[in-house]
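Got your viewer open? Let's take a short walk through the place where two chains meet, one selection at a time.

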Amino acid sequence: MKYVDWGYAIAFGVLFLYVVSLFVRRRRLERAVAIAEQDRAEQDRAEQDRAEQDRAEQDRAAPHGRPAGPDDQPRDVASQVVGVPDGADRDGRA
Amino acid sequence: MTTTVPGGAEGTMPAPERAANGVDPVGHTAGGADGDAGRERVGDLARGAAGVPSRPSARNVMVVRWLGISAAVSLVATVWLGLWVTPPDKVQGDLVRLLYIHPPIAWVALYLAFGLSALASLLYLWRRTRSLFWDRVAAASVEIGVVFNALTLVTGSLWGRPTWGVWWTWDARLTSTALLLILFLGYLALRRVPADPEVRAKRCAVAALVAFVDVPIVHFSVVWWQTLHQGATVLNANLSPTVHGSMAWTLLLGFVAMTLLFAWMVAVRYRVEVLADQVGGEELEVSLAERRAEGSDPAHADGAGTDRGAS
């Protein structure tokens, strides 16, 4: 019976160890995936915060409440294209 | 990176929908491999490496659980019948009990595991069915096949020592089976070589098909050559099994038990493969994001930031 016992013990022992290794690997990888997802969520949140900060800085840098100067006045773009001075109509009449 | 990719949620999208969105089940975009499209493709491989839902459905979990339970029950029954119920053989005595597990283990290794890996590899290589799903199935199957192949050699050797008087002989069946183990160990080594998932899958599929050529050689070795190993007991030329009664039923139960165990193991191992790809994909994506962040940082902007607009 010695060889038979060894045969069964080795076969089922190895299979048992392999199954345990599968479960351990699966558990570790599931944890790694969960951590990666968490990192990604944090990264997304940080990017969102940064974007909001950038937008706030741009708003602050924009000329709010300043009296309108000559550069801020709307210009007649079409008249500029055809070389008509400001204040004249499309036909060049002042 | 994520904004430029069509069908950004392909990780949870069924394969046909992903294909309709220009991303096939493998995670490839319809675009070329250069410039922006190339960059998109890398992103897809990173994210599409999962290519399947990140969590299996409740139904699949239930099926796998029942497979596991039925495999365990049938294995216990095989051991009980094999060791305590069946009578000793007239010629071999108690050594015949080893044969209730040795042929079923060999059946799983040679025909189920390596057969499935060859089939999956073929389906991966065929353009119409190409998907990383098949690559993962092949990988899962080969690893299990290697374990069973090694056990085939060990249990065979334990039976051969008292029967033939030697642990090992350079018999055609034994040698071709050992060669099979070495070939598929090579396959597993090849999978560890760092490469693009698609390139790795293609290489491994070819390797699996090349290695599988040895399976028919193992099967017919006892017919083609004069061997010490006995011929087929069940699947012989006349298809008349030379084993009867409780011995035959125990052997049959052994085949069923090992087949169920293999099916359960493939399901579990496949899940491990999916998770490993996901982790690999996440790591790739993180490193790409870091690279991009470096590129967008003015301190690192010289030269590195020139292709920023593409992503």
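Is the crossing where helix 1 of chain A passes helix 5 of chain B left-handed or right-handed? Keep in mind that you're looking at a predicted model, then select residues 2-61 of chain A for helix 1 and residues 132-164 of chain B for helix 5. Turn the view until one helix lies over the other: the crossing is right-handed.

Stay with this pair. Their axes come within 9 Å and cross at roughly 165 degrees. Angles over 145 degrees count as roughly antiparallel, so that's what we call helix 1 of chain A and helix 5 of chain B.

Next, show some side chains. On the chain A helix, pick residues including A:Tyr3, A:Trp6, A:Ile10, A:Val14 and A:Leu22. On the chain B helix, try some of their partners, among them B:Ile144, B:Phe148, B:Leu151 and B:Leu158. By class, this helix-to-helix contact has 15 nonpolar, two polar and three charged residues.

Now for a charged pair: select A:Arg25 and B:Glu143. They form a salt bridge, with the closest N and O atoms 2.8 Å apart. Between chain A and chain B, the count is two salt bridges.

Finally, zoom out to both chains. Here 24 residues of chain A are in contact with 37 residues of chain B. The area buried between them is about 2,800 Å², and carbon and sulfur atoms give 79% of it. For a last selection in chain A, color A:Tyr3, A:Tyr8 and A:Tyr18: these lose the most area to chain B, together 25% of what that side buries.

Conventions. Residues numbered from 1 in each chain as written. Chains lettered and ligands numbered in written order. Predicted model: local features only at pLDDT ≥ 70, side-chain atom pairs only at ≥ 80, totals over all residues. Heavy atoms only, no water. Axes fitted to C-alpha atoms, helices over the stretch in contact; angles between N-to-C directions. Helix = DSSP H or I, 4+ residues; strand = E, 2+ residues; numbered from the N terminus. Parallel < 35°, antiparallel > 145°, perpendicular 65-115°, else oblique. Left-handed = near helix turned anticlockwise from the far one by under 90°. Contact = heavy atoms within 4.5 Å. Nonpolar A, V, L, I, M, F, W, Y, C, P; charged D, E, K, R; others polar. Buried area = accessible area lost by both parts, 1.4 Å probe. Salt bridge = Lys/Arg side-chain N within 4 Å of Asp/Glu carboxyl O.
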